[in-house]
Amino acid sequence: MTATAGRRSLLQGAWEVLRGGPLATPELARRVLGLNGHPGAASAAVFALLGADDRFQVDGQGVWSLRGGARRPGALLSRLSYAVVDVETTGGRYESGHRMTEVAVVEVRGGAVQEVFETLVHPGRKVPRPTVALTGITDRMLAGAPAFDEIAEEVFRRIAGRVFVAHNVSFDWGWLRAQLGDALGDVPEVERLCTISLARRLVPELRHRNLDALSEFFDIRIDGRHRARGDALATARVLLRLLDRAESLGIGDLRSLERYRPPRGARYQRDLFVEGGFGRRG
């Protein structure tokens with residue numbers, strides 16, 4: 001990326017240029033991307049950057065403009081603060097009386113891991129044997145652990161005001177939303193990102209996007225698989241690599257990150273894994 005792109009995203013650059021009026025694709029490619037070569041390559045690059053973003057529109061002659069009423073791109077991804085979360089549970093659904101056994105919150109800010117909060121959580125029930133075999137968390141380990149009510153305010157504080165990130169975000173957010181709601185009667189309003197979904201779009205060459213596959217792809221070591229701290233730290237490091245990829249594609253803000261789709265030919269078929277309720281992680 002150029003020095004200019006380092007200070008502002010390519011998306012913000014396109015916004016600023018088009019505020020001055022519509023531009024044909026080749027001129028937009030030249031002024032925003034610095035491309036002066038083959039018209040087809042320039043067109044492909046512009047469409048990859050702006051084509052999936054509904055703040056920009058293009059007519060039949062290839063002239064780009066800002067859509068009326070569209071908001072300016074938001075804060076750069078690199079300037080946001082993220083709360084990367086992993087929870088372990090007794091293995092069943094919340095509605096059936098299952099509860100958390102462990103939670104970790106990793107703060108990512110300024111392109112690095114900053115703080116790690118972790119604690120075992122007494123679930124108020126025995127841990128089933130299959131779950132013990134998976135996580136290694138036993139009833140004896142949980143005997144002196146705090147109940148979730150005792151840590152709820154601390155967890156709330158650590159995720160409020162940050163982008164909530166998890167590997168299969170519907171699982172971890174579902175559990176925290178339920179237990180925070182019960183403990184405090186309140187749940188923070190947060191943007192949410194799923195590293196599975198991000199990997200599907202930013203690393204389309206991968207057929208599998210579970211945490212093990214992504215960690216291997218990015219050469220990230222997981223210390224403590226299926227424990228909250230180990231999985232949250234690995235997810236945080238995967239997030240940083242994914243944000244690097246987003247930046248290299250000129251994706252600058254959350255909205256464009258959430259809407260970005262790779263060229264169709266770059267994608268494999270969707271994983272068999274389906275994001276759903278928070279009764280199980282998958």
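Between two helices, angles under 35 degrees count as roughly parallel, over 145 as roughly antiparallel, 65 to 115 as roughly perpendicular and the rest as oblique. Keep that scale in mind for this predicted model, where local features need pLDDT of at least 70, side-chain atom pairs count only at pLDDT 80 or more, and totals for chains, interfaces and linings use all residues. Residues are numbered from 1 along each chain as its sequence is written, and side-chain values use heavy atoms, without hydrogens or water.

Let's start with helix 3 (residues 25-33) and helix 4 (residues 39-50), whose axes come within 9 Å and cross at roughly 70°. The two are therefore roughly perpendicular to each other. In helix 3, Thr25, Leu28, Ala29, Val32 and Leu33 meet a set of helix 4 residues that includes Ala42, Val46 and Phe47; contact here means heavy atoms within 4.5 Å.

Phe47 also leads us to the aromatic rings. Rings of Phe, Tyr and Trp (its six-membered ring) pair if their centres lie within 6.5 Å, and planes under 30 degrees apart count as stacked, over 60 as edge-to-face and the rest as tilted. The structure holds five such pairs. In one of them, the centres of Phe47 and Trp64 are 5.0 Å apart with planes at 65°, so the pair is edge-to-face. Phe47 sits in helix 4 and Trp64 in strand 3 (residues 63-66), 17 residues apart.

Tyr94 and Trp175 form another edge-to-face pair, 5.5 Å centre to centre with 80° between the planes. Tyr94 lies in the loop between strand 4 (81-89) and strand 5 (100-109) and Trp175 in helix 8 (residues 169-184), so this pair ties together parts 81 residues apart in sequence.

Terms used:
Axes fitted to C-alpha atoms, helices over the stretch in contact; angles between N-to-C directions.
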